[in-house]
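Trainee: Before we discuss this model, could you show me the sequence and the structure together?

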Amino acid sequence: MSSHTASSSNVGNGSGDSGVPKRNSKRPKYSKFTQQELPACKPILTPRWVVSTFMLIAIVFIPIGIACLIGSRDVVEVVERYETECIPVLNRTDKVQFIQSDADKTCTISMTIPKRMKQPIYVYYQLDNFYQNHRRYVKSRSDEQLKSASKENDTSACKPEDIANGRGAIVPCGLIAWSLFNDTYSFSRQNQSLTVNKKGIAWKSDKQKRFGKNVFPKNFQGGGLVGGATLNESIPLNEQEDLMVWMRTAALPTFRKLYGKIEVDLEEKEVINVTLMNYYNTYSFNGKKKLVLSTTSWIGGRNDFLGIAYLTVGMISFALSMGFTIVYFVKPRRLGDPTFLSWNRGPGSH
Amino acid sequence: MARGRIRERLRRSHLHPFSCLRPNANNSEGPNPLQGPGFSRIVHCNQPLKHQKKPLKYCSNYISTTKYNIVTFLPKALYEQFHRLANLYFLVAAALSLTAVTPFTPLSMILPLAFVVGLSMAKEALEDWRRFAQDMKVNSRKASVHKEGGVFGYKPWQKIQVGDVVKVEKDQFFPADLLLLSTSYDDGICYVETMNLDGETNLKVKRSLDVTLPLEDDESFKNFTGIIKCEDPNPSLYTFVGNFEYERQVYPLDPSQILLRDSKLRNTSYVYGVVIFTGFDSKVMQNSTKSPSKRSKIEKKMDKIIYILLSLLVLISSISSIGFAVKIKYQMPKWEYMQPLIDNNLYDPGNPGKSGIAHLITALILYGYLIPISLYVSIEIVKVFQARFINQDIHMYDEETGNTAQARTSNLNEELGQVETILSDKTGTLTCNQMDFLKCSIAGTAYGVRSTEIELAAAKQIAMDLEEQDTQNINVPRYMKSANKEDSRGGPEIELESVITSKCENDQKPAIKGFNFEDSRLMHGHWLNEPNQEALLLFFRILAICQTAVPELNEESGMFTYEAESPDEAAFLAAAREFGFEFYKRTQSSVFIREKYAHPGRLIEREFKILNLLEFTSKRKRMSVIVQDEDGQILLLCKGADSIIFDRLSKNGRIHEETTTKHLTEYGEVGLRTLALAYKKLDEPEYSAWNNEFVKAKTSFSIDREAMFERVADMMEKDLILVGATAVEDKLQKGCIDKLAQAGLKIWVLTGDKMETAINIGYSCSLLRQGMKRICITVMNSDVVAQDSKQAAKENILMQLTNSSQMVKLEKDPHAAYALVIDGKTLTYALEDDMKHHFLALAVGCASVICCRVSPKQKALVTRLVKEGTKKTTLAIGDGANDVGMIQEADIGVGISGVEGMQAVMASDFSISQFRFLERLLVVHGHWCYKRIAQMICYFFYKNIAFGLTLFYFEAFTAFSGQSIYNDWYMLLFNVILTSLPVISLGVFEQDVSSEVCLQFPALYQQGTKNLFFDWYRILGWMGNGLYSSLVIFILNIVIFYNQAFRAGGQTADMAAVGATMFSCIICVVNFQMALTMSHFTWIQHLFVWGSIATWFLFLFLYGLMPPYYSGDVYKLLAEALGPAPIYWSTILLVTVACILPYLVHISFQRCFNPMDHHIIQEIKYYRKDVEDQHMWRRERSKARQETKIGFTARVDAKIRQLKGKLQKKSSTSVSQNCMPSPS
């Protein structure tokens, strides 16, 4: 046996002569990467880090929260729900029938301004229970067709509102466009009408790139069913801002869309009269309609939640920071204290 | 068993003086009548042309271990890929995405799948290519083959055919199974090393038939022909049945003429052989079983989680499709803006059931993001990197063999971190299998001053402890301190000192193989001045003569090396040579010794006639030779296990018994292998009377010949006179099992050795130690083969098992350690179905288990028993083909790649070149890989739940219509790019503690064994975190972007804006979460984590710049709408913090009140406390070692206790003369 080891060492030597270079090449080259010794920072959560992290969160969040709240409180918002009011009392038993009839749908409501509103005042309509995010609905549009006249017949996605019977493609096609909101509002205060600027409510990108300037409405609302507003066939799509706003589908079944801007200040206690044409049928699905006047601040519209959420998280962090401080004082654990190692603790404590 | 007998006979034929009297049992039987199925092979020797067509066309010598070939790769690899449920799900989803029900564009479904599957397949292909290259290396090895007319030429192995005559030279492997024709030795002997086949390292003798002896040079094969009729290919390595028809005579063949592929020719300059079995027909290939594909426990558990997620997916899909159907039925008809009555095949209010079912498919695809599609591929990428790190680890590179560690399969990396039980082979695995003659006791005097490793370690530890006491306890007597200062010489404690000083000596390696003895009283002829000169002379002669080795002159050094049966024997011969008794020649009947010092100044060559040789068998535990010296004096020289020898001493031979026993105990304590030597003088008539009996016994044909022989031998081996005892150290492989034991691993040794050897090894590698309670389970006399006795044996074993279990159970002393020793024969019973649980229960209760005399099959069975019985991860490690079964059966198989072309390595999952690397492989790489993979998987589920559920919540607001709020591209990128790189970098680079700390605190390994990082608690915690995050992300976003304007310009948020904001939140949340999960940031992690967030914003920006034709709603979204809006950024900040807050609290809290071990160590390292307070660091390191009952440390502790006790005693008496440590 020993001679085996002896001779095996001979073998080793014998082959070693030829194998030396080969052997060296087999030796792994040292590099910090392959030896997993790359320099690294190994942060650990020391009490100081814990307390100061939570404190930092608190310090950052609470001011932001306050700022958001202030920003939100600056916003003045007036909301007027009108879908029932604007149906004559007699017709309220069958609203759907009324809205689909040819009866006069003019309706006047008045809004009281609670607080001075600085211009620009944004006018929104808000629909409830309207699933603009439904898959059937969302998919039913043709971006190509909206963009360029040459893609007019690109309507495959637009079913069921793609082609008008015998008259070719509908422009703009699809359910979204077809169901374009068509209530209109005109405002007046003290019998003096307020102009509503309907320009500049759509995204610039929509106007410039997504809706073509030589695409004109065609066969729109020409079918048996009329879903909503009609479009002026002489105005190219990139100037139909209502359509552009409408076609940005909302994420939730309750949504507001920009209707226009009132570019004068409204004073506190002022009463605004709105003459509205209540055309849009939300009655079949019990959808609410609201008219909203709102100013904005840097965080947009009225949104207390963001500020409250910031304050809450900030407060929680502050509490945690305090809590951990107390804990570290009351029951300190020296960092790196070996008595906490599992083998120094009683059995089963781990 | 058959193999053993064959070997014995072979050996006798070579060495035995009575070889002429060998019963020719085989010849009298005549050739086997070879008929019937199983014996159809016909080989036309030297006529390979005859084997080129059927039916004599046999398979070629080409071997292939690849999984695929060019044709089968695609279908097979695809099948492998879609075998996984998750991938299959995605395949179906991708197929369905081509239909109308899809919520996404088909591309966004197909692209990630193609990417993921393509990557996995590329990896498969690469791995298979490597296997192919390896095969090609073997196939293209050259062998010298007879071409024509006595000319030999080189041919690659793969071209070798059945019937070829092959010439194999020294130290070459046999290219196929050969029939040995002739060798460079006149008598047709050759030596073969079969290590690759059965793991045995000793040489085996093969012997050609006498008739083929004349074929001794190339020329003689010019006209050589012959026909071999033999058995069909089969996997049995130790049997062979066949006939050789040569010159119109038929000769029977047996395994001693067969040279097996992958064994190696040794000590013989060349042999000629005829190829019988080639390629897959060869025995070694027949033996190789397909390695089962193994999967780690974590991965199996991960599958379970995927099933859970799939059920969750089905659940929410059903909810959503029921909701859809309800909405369609009751509300859809009212939604005039959707023209519900026209062209509504998927949204048919008239048939909500059908629409609901169609929607179920949509929903199943939509919520598919719950299942992380990139999980498998990410894990695979990570594992490839991890495997590379293992392969490249410079600390696992063996300078001697030039081998690195190899992760041969990468799917078990994390399993390395969870090993509970190691099943180890012995030879070459635990020990170096290199014996050093270290000490001896001759005529009651102990010689040899070198210390064993254990003594050294004990001394060192004591010195350290005392130093510590010094600092703590001033009352320690002065001299004790001085005694332990290494430089002090005047201390009264000679023992300790000798131990300590010899430490320095030990640094010089023994110059001579097998000899590590140091004692001036014996060396260089000084023994002549010793009082017991006679005994010494005898002792040396016994060493030199009582053996069966073959001397071999090493031409370079002019020294003799020895080809011996056992390494002990070689060590004895080396020792004898160093003492001046050089064994230099052996003939059939004599041993020649050169004596150097007996007559000063002169070399005397002496011949000892060997009259008889009484072999060593495991039963006899001794061997004797009867020799006649030149004066005609007949001597019986005997060496054997001390207990056996002591039983056979004559009355006047026991003079030194007491002292020798004492020495033997000491040797045993420090792990040395001991043998006792004895002799007796015989007179002529006494001998010849006995010899007659002996010859009769040897030549008898009766069944009980063995018994007769034994009885006769017994008659001779009695009334011996004790000469002394030897102590040989079997050097352990460095760092052996100690650290592994400290890491809390249980170690079983499965060895083919005899029980005594196994126990000896157990002692020397510290699996066993004095004071351990040893339970030996053996079967009582199993010689009689009868049915009822089998039953009796079984009952007997069962009784032993239950008794022992009872004993273990009732043990009160917590420090009591049990060792179980069981032999192979008993194991056959113990492994039967009705017994194995008793056996396992007992074995689990024992600190160490040694199974000896086990067959490869039993090794595998034991492994399976442990694996299935304990449900814990098992690791099998071995180096020979006999370990293949075990390696394949275990959860992880590790092969030791010392020698090239190893079977064990081929079957293994990992190969290392020395056992000691196992520590690093497990404790460092295993630990890391386990944590990495565990964290990675948890995180994967977290992020996909956090993301996937937001899709579901949104559904509730879209009337369950199957609309997603996110752009298809976001979703496509989510798994593939935006969140995968950080988690991959976690899987590749994360280190909780550095490798040094892992090694210093092996107890950290327990985190893996206890599965602290992938238990259900943690998994569900992560899932809960995902659920929480998804809720926070969704609710906050929806409320913030409810209906009011989101910027000063008055615009309200559309779906694209809300979707993009929500997705930005998700990306930030999951990446910050990732950053919190990591504890180790190199620039790579920084790059990936922060880079992923940056990539998202960059993507959103660039995507928005693309023409609206491609970008749709996203056109200029960031640049125009979201970017300038403060609410967008403040939402991201709010959501991110709100989402990670609970986790942050959790980890702060955990670290504060319930820190885990690695937390503390991180802190110690962070504050550099280990440098400042080295004392504490050292103390913790020693404490961190598990309470081990086995292993070196336990041994050292025992030794320390003993020495300390002695110190106490000595300090009171202050007297000491003894040079050797004596047991107190």
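Trainee: Where is the place of A:Gln190 in chain A?
Mentor: This is a predicted model, in which local features need pLDDT of at least 70 and side-chain atom pairs pLDDT 80 or more, while totals for chains, interfaces and linings use all residues. Residues are numbered from 1 along each chain as written, chains are lettered from A and ligands numbered from 1 in the order written, and side-chain values use heavy atoms, leaving out hydrogens and water. Taking helices (H or I, at least four residues) and strands (E, at least two) as DSSP runs numbered from the N terminus, A:Gln190 sits in the loop between strand E6 (184–189) and strand E7 (192–194) of chain A.

Trainee: What is phi of A:Gln190 near?
Mentor: Most residues other than glycine have a negative phi. A:Gln190 is a residue other than glycine with a positive value, and its phi is near 45°.

Trainee: Which residue follows the cis peptide bond that starts at A:Val171?
Mentor: Two cis bonds can be taken together here, the one from A:Gln119 to A:Pro120 having omega near -5°, with A:Pro120 in the loop between E2 and strand E3 (121–127) of chain A. The other has omega near -15° and leads into the loop between strand E5 (168–169) and helix H6 (175–178) of chain A. The residue that follows A:Val171 across this bond is A:Pro172.

Trainee: Why is the disulfide of A:Cys86 and A:Cys107 given a hand, and which one?
Mentor: The sulfur atoms of A:Cys86 and A:Cys107 are 1.9 Å apart, which fits the rule for a disulfide (cysteine sulfur atoms within 2.5 Å). The pair links distant parts of the chain, 21 residues apart, with A:Cys86 in the loop between strand E1 (77–81) and helix H3 (95–100) of chain A and A:Cys107 in strand E2 (residues 106–112) of chain A. Because the torsion about the S-S bond is about -60°, the disulfide is left-handed.

Trainee: How many disulfides are there over all chains?
Mentor: A disulfide is a covalent bond between the sulfur atoms of two cysteines. The pair of A:Cys86 and A:Cys107 is one of those found, and over all chains the count comes to 2.

Trainee: How far apart are the end C-alpha atoms of residues 308–330 of chain A?
Mentor: An unreviewed UniProt entry places "transmembrane region" at residues 49–71 and 308–330 of chain A, in the numbering used here, although such annotations may be inferred rather than shown by experiment. Residues 49–71 of chain A are 100% helix and 0% strand, with end C-alpha atoms 32 Å apart. Residues 308–330 of chain A are likewise 100% helix and 0% strand, and their end C-alpha atoms lie apart by 32 Å.

Trainee: Which residue of chain A forms a salt bridge with B:Asp1054?
Mentor: Counting heavy atoms within 4.5 Å as contact, the contact takes 118 residues from chain A and 133 residues from chain B. Between these chains there are 2 salt bridges, each a side-chain nitrogen of Lys or Arg within 4 Å of a carboxyl oxygen of Asp or Glu. In one of them, at 3.2 Å from N to O, the side chain of B:Asp1054 meets that of A:Arg248.
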